[in-house]
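Trainee: I am new to this structure and would like to walk through it with you. Could we take it one question at a time?

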Amino acid sequence: RVQTFEIGEFPNVETVHFPKSCLHCENPPCVPVCPTGASYKRDQDGIVLVDYDKCIGCKYCSWACPYGARYRHPEKKIVDKCDFCEHRRLRDDLPACVVTCPTKTRIFGDLNDPQSDVSRLLKEEKMVRVTAPHVDTRPNIYYHQGTRLLDWAVTPTLPGNVHMSREFWEQS
């Protein structure tokens, strides 16, 4: 899903498109609130997934997610989210957003593999995380520092703006 909004004041107005995908947090608040265990974090790679057979559509995970990444699927009546295209990755394909990105700015990889492209970028580039100001989620999605649209990332469940955490590149 993409959130679209306008920023600026007339006559200097821009339309911003901000992706509202799951940030696959190290400490995902959506997982412990799920009464059926449908929301879970996979041990081997830390990806947060939904077991659709267990989901009852209660939306507790949606309310717990400070990034607005969860949504109720209108036909299936379950709560859904980005799973990095699990069905594609099972075939050793990349997520669709990576393959179809017209600017080739999306990179997918194993953060635990120091030789992966994504790990290399985190070491070489100034990357930032979208973080919620009062929740220790430690998201695993990074953006280049200075990506203008991220300065305007608004979340519906927290007051004010989502903040850009500089913790990673200040430690480097």
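Mentor: Gladly! One term to begin with: helices (H or I, at least four residues) and strands (E, at least two) are DSSP runs, numbered from the N terminus. Keep in mind, too, that this is a predicted model.

Trainee: How many helices and strands does the protein chain have?

Mentor: Reading along the sequence, the pattern is β-β-β-β-α-β-β-α-α-α-β-β-β-α. Each α in that pattern stands for a helix and each β for a strand, and the total is 5 helices and 9 strands.

Trainee: Where is proline 95 found?

Mentor: Two helices frame this residue: H2 covers 86–89 and H3 covers 96–100. Proline 95 sits in the loop between helix H2 and helix H3.

Trainee: Is proline 95 buried or exposed?

Mentor: Setting aside neighbours within four places in sequence, proline 95 is in contact with Phe84, Cys85, Arg88, Arg89 and Phe108. Its relative accessibility is 1%. Buried means under 20%, so at 1% proline 95 counts as buried.

Trainee: Phenylalanine 84 was one of those contacts. What is its phi?

Mentor: Phenylalanine 84 lies in the loop between strand S6 (79–80) and H2, and at 15% relative accessibility it counts as buried. Although it is not a glycine, its phi is positive, at about 55 degrees.

Trainee: Which residue does a cis peptide bond join to phenylalanine 10?

Mentor: Omega for this bond is about 10 degrees. The partner lies in the loop between strand S1 (2–9) and strand S2 (12–19). The residue joined to phenylalanine 10 is proline 11.

Trainee: Is arginine 138 buried or partly exposed?

Mentor: Arginine 138 is found in the loop between strand S7 (127–131) and strand S8 (142–144), and its phi is positive, near 50 degrees. Its relative accessibility is 31%. Buried would need under 20% and exposed over 50%, so at 31% arginine 138 counts as partly exposed.

Trainee: Which residues make the nonpolar surface patch of about 330 Å²?

Mentor: One member, tyrosine 60, lies in helix H1 (residues 60–64). Tyrosine 60 is partly exposed, with a relative accessible area of 41%, and patch residues need over 30%. The patch is made by Val33, Tyr60 and Trp63.

Trainee: Which residues are closest to the centre of the largest cavity?

Mentor: The count comes to 3 cavities of 30 Å³ or more, and the largest has a volume of about 90 Å³. Of the 14 residues that line this largest cavity, the closest to its centre are Cys22, Leu23, Cys25, Cys30 and Cys65.

Key:
Residues numbered from 1 in each chain as written. Predicted model: local features only at pLDDT ≥ 70, side-chain atom pairs only at ≥ 80, totals over all residues. Heavy atoms only, no water. Patch = residues over 30% accessible without salt bridge, like charges linked within 9 Å, V, L, I, M, F, W, Y side chains within 5 Å. Areas by Shrake-Rupley, 256 points an atom, 1.4 Å probe, with all protein chains shown as cover. Salt bridge = Lys/Arg side-chain N within 4 Å of Asp/Glu carboxyl O. Buried < 20%, exposed > 50% of the residue type's maximum accessible area, 1.4 Å probe, protein only. 1 Å grid on protein atoms, 1.4 Å probe; cavity = no way out; pocket = protein on both sides within 12 Å on 5 of 7 lines; lining within 4 Å. Points joined across faces, edges and corners; volume = space filled by probe spheres on them. Contact = heavy atoms within 4.5 Å.
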